Amino acid sequence: MLTVLVTGLAIGALYAAAALAYNVMYSTSQVLSITTGHLFMLSSVAGAWLIGDLGLPWPVGLVGAVAASVVFGLVTEAVAIRRILARSDEHLWLLSTLALATIVQQSVGLWWGTEPRAFPRLIPQEFTAGIWDQKYWLPIACVALLALGLDVFYRRTLFGKVFLAVAEDAYAARARGISTERVRAFSYGLAGLLGGLVGFAAGQLTFAFFALGLTLTLYGFIALAAGGLGSNAGAIVGGLTLGLLSTFATYFFGGEYQQTIAVGLLMIFLLIKPAGLFGNKQVRQV
């Protein structure tokens, strides 16, 4: 039972990281990008290729994996977001990000293969370590540090306050001389950094799998909806809750109930508390 609990926390941390990446990108663009989970997928696949296939040291693999995710985040903003927002206020970004996510996923599947492949061990350790295995505590520790880092960035740094200003009112921030386009591009690069680090740290748990992106996109959104859009604390609570519920559902009832629990959790929050646990209703001034 303890192993199930630790597994749920590790998986929940991964879902929380996906929800955090959603928040980072949404704060400056008001877009929920379908490519969110693919930031993590690219990192895990790139890390497994660099370390496992090419035999490079894990620090080099980490740099390469994070770079792949950061570049993809910047490409997402430039290709699927920037032109759409410049020409229309409609939700056409849903189609553009879905198209980009599909292209990337299928391309990785053709190159890497469609079967999950093991991620190399990063630290020498026996596979009999149980709940102390690195595949559990590495993603948990990584997400905890990144959540703390995001909080310090937003509250303690000047550029973080610029982020908050753009998130609060992009038009007012632009009137004050802030380049909202550059801030938006930086936010997508920052989401790529978050996805790259967590995707690499959780590689041993998720395996290097081309379809991982779609799964994390869905479960990250459910965690975000449960916790509250725009709230990093809500993203963490929602992710951990979803991870624990999904893991215990699999343990007690079987893997076929995992998605049922996840979608059921989303429906409950949409019906009872649409703004999520930590979300606030937007009040429009008239």
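These are my notebook entries on a few residues, a helix pair and a core in a predicted model.

**Entry 1: the core**

I started with the largest nonpolar core, which has 70 residues. Phe-40, Val-108, Leu-194, Val-198 and Leu-242 touch the most other members. Helix α1 (residues 2-29) supplies the largest share of this core, eleven residues. I then looked up one of those well-connected members, Leu-194. Beyond its neighbours within four places in sequence, Leu-194 contacts Ala-17, Leu-20, Ala-21, Phe-40, Leu-146 and Leu-150. In soluble globular proteins, nonpolar side chains tend to be buried together.

**Entry 2: helices α6 and α8**

How do α6 and α8 lie relative to each other, and at what angle do they pack? For helix α6 (residues 158-168) and helix α8 (residues 180-201) I noted an angle of about 110° and an axis separation of 11 Å. Angles of 65 to 115 degrees count as roughly perpendicular, so that is the description I entered for α6 and α8.

From α6, the residues Phe-159, Val-162, Phe-163 and Val-166 take part in the contact. On the α8 side I listed Thr-180, Val-183, Phe-186, Ser-187 and Leu-190. I sorted the residues of this contact into seven nonpolar, two polar and no charged.

**Entry 3: Val-166**

I returned to Val-166, which sits in helix α6. Is Val-166 buried or exposed? Its relative accessibility is 3%, and buried means under 20%, so I counted Val-166 as buried. Leaving out residues up to four places away in sequence, Val-166 touches Ser-27, Thr-28, Ala-173, Ile-178, Thr-180 and Val-183. I also checked Val-166 against Phe-200: they are 34 residues apart in sequence, and their C-alpha atoms are 30 Å apart in space.

**Entry 4: Gln-204**

Next I looked at Gln-204, in helix α9 (residues 203-206). Gln-204 counts as buried because its relative accessibility is 9%. What does the side chain of Gln-204 join through a polar contact? I found the side chain of Gln-134, at 3.1 Å. Gln-134 also appears among the residues that Gln-204 touches, with those up to four places away in sequence not counted. The others I wrote down are Phe-119, Pro-120, Arg-121, Leu-122, Lys-135 and Leu-138.

**Entry 5: positive phi**

Last, I looked up two residues other than glycine with positive phi. Gln-30 has phi near 60° and lies in the loop between α1 and α2 (36-53). I noted Gln-30 as partly exposed, with a relative accessible area of 41%. Phe-207 has phi of about 65° and is in the loop between α9 and α10 (212-227). Its relative accessible area is 38%, so I entered Phe-207 as partly exposed.

Technical notes: Residues are numbered from 1 along each chain as its sequence is written. This is a predicted model: local features need pLDDT of at least 70, side-chain atom pairs count only at pLDDT 80 or more; totals for chains, interfaces and linings use all residues. Side-chain values use heavy atoms; hydrogens and water are left out. Helices (H or I, at least four residues) and strands (E, at least two) are DSSP runs, numbered from the N terminus. Buried means under 20% relative accessible area, exposed over 50%, partly exposed in between (1.4 Å probe, protein chains only). A polar contact is a pair of N or O atoms within 3.5 Å; within protein, one must be able to donate a hydrogen and the other to accept it, and residues adjacent in sequence count only if both atoms are side-chain atoms. Contact means heavy atoms within 4.5 Å. A nonpolar core is a set of buried Ala, Val, Leu, Ile, Met, Phe, Trp, Tyr and Cys residues joined through side-chain atoms within 4.5 Å. Axes are lines fitted to C-alpha atoms, for helices over the stretch in contact, and angles run from 0 to 180 degrees between N-to-C directions. Angles under 35 degrees count as roughly parallel, over 145 as roughly antiparallel, 65 to 115 as roughly perpendicular and the rest as oblique. Ala, Val, Leu, Ile, Met, Phe, Trp, Tyr, Cys and Pro count as nonpolar, Asp, Glu, Lys and Arg as charged, and the others, Gly among them, as polar.
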